[in-house]
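I'm starting a fresh notebook page. These are short entries on what I looked up, in the order that made sense to me.

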Amino acid sequence: MRLTDYTRMAASSLVAAPIRSCLTMLGIVIGVAAITSMAAIGAGARSKVSDQIRSFGANVIMVNESGGNRAGLDHARRPLSFGDAGAIAELFNVSLAAPSVAGQARLVHGGLSWGTTVNGTTHDHFEIRQWRLAAGRYFSDEEERSAGQVVVLGSRVASKLFDDADPVGQVVRIVGTPLKVVGVLAEKGTSGGDNQDDVAFVPIATAKNRLIGGANGDRNAVGYILASAVSSEALGEATKDIDDVMKQRHHVVHDEDKGFTVATAASIVAAQEASTRTVSALLAAVACVSLIVGGIGIMNIMPVSVTERTREIGLRLGIGARPRDIRTQFVLEAVALCTGGGAIGVAIGFAVASVVAHGANWPWCSIPPWRPAPLYFPD
Amino acid sequence: MLIELRQVQRSFLLGRTTVPGLRSTSLMIGPGEFVAILGPSGSGKSTLMNVIGLLDHPTGGALLLDGVDCAKLDRNKVALIRNRRIGLVFQAYHLLPRQTVIENVELPLTYAGVRRVERRRRATEAIERVRLGHRIHHLPALLSGGEQQRAAIARAIVSNPDVLLADEPTGALDSVTGREIVGVLLALNHEGRTVVMVTHDEALARHASRVVTMRDGQVVADTAQRSPRERSPWEAVP
């Protein structure tokens, strides 16, 4: 007997009892849908995290002041400085370093105002964070040196203050200081729940001299330093080098006393990812149980099906079927049920994942068919 | 000799009691014969038919087909004989209810590994031979009892078997339709096919060339009659 005949025979038997076939498939459908949606949602979430890392800047290292030292003597610590940024920029594994200050301020244009984060920084900040322009330009070296009264707006700030009008060339006021808008940044989206586009950048000298004031009153002090590693492979090494050079510059003997932190974007989101990992693992386990139950369902239904069809089997044997033919037919029926149920489950799983992705504003992340689903399981 | 039973016994175990179905039955059926196995209910005629049709194994004695002892054949060989050399017709037709007439008739050829186009051709031919061409794509439920039995006969002959075994083929039919079915069997016998028909109807048995009478699991009479080949195959049809 030919394989096509076996297949046709199995298919016709399944079609002949549609309700029984559907109910048998149900367990597999639910199990596979659960696993697929879990895997796709997990992949979507991870993709979102990757996007966040990418949007923040893949190789970005952030040096921040930390809360205090072992003795709780905040006043005793040394603030971050332009000199620290310069030293970091000199490191072999570091390509750029941008000293920055940040504070909250209200931007005013005409009758509109918008409260946002004002970052005083250097041109390198945009390079480090791979932040492209939607319109205009970044501030120039000359404007950085001379504390030029210029500002580059994030897309959200631009839309809040200028609506659809072109902000470039317009003047906004921050803390009463008029600043000319020279550029508008391209949209970056949210990162860690924060809207990255709700920001305005001014040269660091402008921020320190006219807007925010010197960090801790020290003209040389900066709020934080952004740096970028020469490559993603060098990220770990660069982080360690920065930590070392900072400890050296700040005369740190014990790690507990260092008064600064060196973190990468990946390490920040890793903490966020870790919190979802346990839940993902639990859901994956539930999905696996559903699939096993579905499989056992089919396993139980097939003997019942054989019992129900004893007469048919007898007839088939009577007209010349070999026991092997009957066995093959039933196995093919079970395979068809699993395959059909699996296909429907995958479709439903993707649909559920797509709805969840839409609701959570995640990227829709389907599983390529040539990669097995377990690769997408939570780590 | 086509079919030979040597001291065949078949008993059944019902609880702790052994019930004899066949007691030391010997019988020889030659090629081209039309044998009617006659007897009342419980006489063992269906058991005999099942043994000849290789649907059941004797508990004693031997069944030989063309001199070969069937007890020595493996399950695949037995299936091959059932598929190629024996055609079975049952009282209850046993057509697959969700398959059309032609799909039912094709079934033995499917198990024989015949290609689909060839299967269709041969199945159509068999259906035409039992004069059911107008019902070829109908489901069994849409056919009358006589038509269903014709479809079952078409299925039995589609593999061109040497022997046609019919177990009470008219048992579920009215007398007119029953005679039509016997007419079909006679026509097939006229073509040279061996036909063995189980019946409890003496009138139908009279159409056979030989009547084997059974009682209590034993052959009690074996009578030759005028050969059906000497009569018109449709003589039975009013």
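**Crossing helices, chain B.** First, a term I had to look up: a crossing is left-handed if the near helix is turned anticlockwise from the far one by less than a right angle, and right-handed if clockwise. Helices and strands here are DSSP runs numbered from the N terminus, with helices being H or I of at least four residues and strands being E of at least two. With that sorted, I checked H5(B) against H6(B), and their crossing is right-handed.

**Ground rules.** I'm working with a predicted model, where local features need pLDDT of at least 70, side-chain atom pairs count only at pLDDT 80 or more, and totals for chains, interfaces and linings use all residues. Residues are numbered from 1 along each chain as its sequence is written, while chains are lettered from A and ligands numbered from 1 in the order in which they are written.

**Back to H5(B) and H6(B).** Helix H5 covers residues 145-157 of chain B and helix H6 covers residues 175-190; their axes come within 9 Å and cross at roughly 20°. Axes are lines fitted to C-alpha atoms, for helices over the stretch in contact, and angles run from 0 to 180 degrees between N-to-C directions. H5(B) is therefore roughly parallel to H6(B). For that label, angles under 35 degrees count as roughly parallel, over 145 as roughly antiparallel, 65 to 115 as roughly perpendicular and the rest as oblique.

Which residues make the contact? On H5(B) I found B:Gly145, B:Gly146, B:Gln149, B:Arg150, B:Ile153 and B:Ile157, and on H6(B) they are B:Thr177, B:Glu180, B:Ile181, B:Val184 and B:Leu188. Contact means that the C-beta atoms of two residues, placed from the backbone, lie within 7 Å. I sorted the residues of this contact into 5 nonpolar, 4 polar and 2 charged. The classes: Ala, Val, Leu, Ile, Met, Phe, Trp, Tyr, Cys and Pro are nonpolar, Asp, Glu, Lys and Arg are charged, and the others, Gly among them, are polar.

**A pair in chain A.** Next I tried helix H3 (residues 82-90) and helix H8 (residues 235-249) of chain A, which pack at an angle of about 140° with axes 10 Å apart. H3(A) and H8(A) are therefore oblique to each other, and their crossing is right-handed. The contact uses A:Asp84, A:Ala87 and A:Ile88 from H3(A), plus A:Ile242, A:Val245, A:Met246 and A:Arg249 from H8(A). That set holds 5 nonpolar, no polar and 2 charged residues.

**Chain totals.** I counted 11 helices and 12 strands for chain A, and 7 helices and 10 strands for chain B. Of the 379 residues in chain A, 40% are buried; for the 238 residues of chain B, I noted 47%. Buried means 20 or more other C-beta atoms within 10 Å of the residue's own, exposed means 12 or fewer, and partly exposed is in between, with C-beta atoms placed from the backbone.

**Cores.** The largest nonpolar core has 69 residues, and B:Ile37, B:Ala154, B:Leu164, B:Leu165 and B:Leu185 have the most contacts inside it. Such a core is a set of buried Ala, Val, Leu, Ile, Met, Phe, Trp, Tyr and Cys residues joined through C-beta atoms within 7 Å. Apart from it lies another core, of 56 residues, including A:Val60 and A:Leu153.

**Where the chains touch.** I found 14 residues from chain A and 18 from chain B in the contact. On the chain A side, helix H1 (3-16), helix H10 (310-318) and helix H11 (323-359) each supply at least two residues.

I looked again at H10(A): its buried residues are A:Leu315, A:Arg316, A:Leu317 and A:Gly318. They pack against H11 of chain A together with helix H2 (75-84) and strand S6 (86-89) of chain B.

**An enclosed helix.** Helix H1 (residues 45-52) of chain B has 8 of its 8 residues buried, so it is largely enclosed by the rest of the structure. B:Leu54 follows H1(B) and has a positive phi, near 60°.

**Odd phi values.** Is A:Asp163 buried or exposed? It counts as exposed because it has 9 C-beta neighbours inside 10 Å. A:Asp163 has a positive phi of about 55° although it is not a glycine. A:Ala147 also caught my eye, with phi near 50°, and its 18 C-beta neighbours inside 10 Å make it partly exposed.
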